[in-house]
Structures are given as C-alpha cells and as structure tokens.
Amino acid sequence: MDIPHLIVQIVIAILCAGIATILIPRRIPGKLIGMIVIGLTGVWLGEWGTGLLRQRYGINYSFLN
C-alpha cells in the first residue's frame, strides 16, 4: 500500500462514515477519528470482499477495481 492509496481510502472512509451518520444518527466516539476508523474498517472489508469474489468466483468487473 502506498501513500496516495491510503489517502484515497481515508477520504472514502470519511465520506462513507459521514453518510452513515446522517442516515443513522448516533454518537460516534472520537468524533472525526472515530469516523475515520469506522470508515476505514468498511473500506478494508469491502476490498477484502471484492478480492474474495475475484479469487473464488472469477468475478472481475472493472468497477470492483
């Protein structure tokens, strides 16, 4: 993993966590840092899931990259 990839992941994590906060209004411990951690967890789970789909089932769509 390189720095630009990590920065893109953090930006996506903040956006996803912000949208989740709007849809499900709950208090997130740690405010912005908590949102980043929750979002990064979602990003990494998504990358793991798409990698699993590619490896096991041969699903390789361009939008999964």
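**Pocket lining**

I started with the largest pocket and asked which element gives most to its lining: H1 has the largest share, with 4 residues. I should jot down right away that this is a predicted model. Next I looked up which elements give two or more residues to that lining, and they are H1 and helix H2, residues 31-57. For the volume of this largest pocket I got about 150 Å³.

Then I listed who lines the largest pocket: Cys16, Ala17, Ala20, Thr21, Ile24, Arg26, Ile28, Ile38 and Gly39. Sorted by class, that lining has 6 nonpolar, 2 polar and 1 charged residues.

**Ile28**

I picked Ile28 out of the pocket lining and checked where it sits. Ile28 is in the loop between H1 and H2. Is it buried or exposed? Neither, quite: Ile28 has a relative accessibility of 21%, and buried means under 20%, so it counts as partly exposed. I also took a distance from Ile28 to Leu40: they are 12 residues apart in sequence, and their C-alpha atoms are 14 Å apart in space.

**Gly30**

I stayed in the loop between H1 and H2, since Gly30 is found there too. Why do I call Gly30 exposed? Its relative accessible area is 52%, and exposed means over 50%, so Gly30 makes the cut. From Gly30 I went back along the chain to Asp2, 28 residues away, and found 26 Å between the C-alpha atoms.

**Gly46**

My next stop was helix H2, where Gly46 lies. I noted a relative accessible area of 34% for Gly46, so it goes down as partly exposed. How far is Gly46 from Asp2 in space? I got 18 Å, C-alpha to C-alpha, for two residues that are 44 apart in sequence.

**Ile59**

After that I moved past H2, to the segment that holds Ile59. Ile59 has 26% relative accessibility, so I wrote it down as partly exposed. I paired Ile59 with Gly39, which is 20 residues away along the chain, and their C-alpha atoms are separated by 25 Å. Gly39 was already in my notes as one of the residues lining the largest pocket.

**Surface patch**

Last, I looked at the surface. Which residues form a nonpolar patch there? My list reads Ile3, Ile7, Val11 and Leu15, and together they have about 400 Å² of accessible area.

I took a second look at one of them, Val11, which is found in helix H1, residues 3-23. Val11 has a relative accessible area of 44%, so it is partly exposed. A patch takes residues with over 30% relative accessible area, so the 44% of Val11 clears that cut-off.

Methods. Residues numbered from 1 in each chain as written. Predicted model: local features only at pLDDT ≥ 70, side-chain atom pairs only at ≥ 80, totals over all residues. Heavy atoms only, no water. Patch = residues over 30% accessible without salt bridge, like charges linked within 9 Å, V, L, I, M, F, W, Y side chains within 5 Å. Areas by Shrake-Rupley, 256 points an atom, 1.4 Å probe, with all protein chains shown as cover. Salt bridge = Lys/Arg side-chain N within 4 Å of Asp/Glu carboxyl O. Buried < 20%, exposed > 50% of the residue type's maximum accessible area, 1.4 Å probe, protein only. 1 Å grid on protein atoms, 1.4 Å probe; cavity = no way out; pocket = protein on both sides within 12 Å on 5 of 7 lines; lining within 4 Å. Points joined across faces, edges and corners; volume = space filled by probe spheres on them. Nonpolar A, V, L, I, M, F, W, Y, C, P; charged D, E, K, R; others polar.
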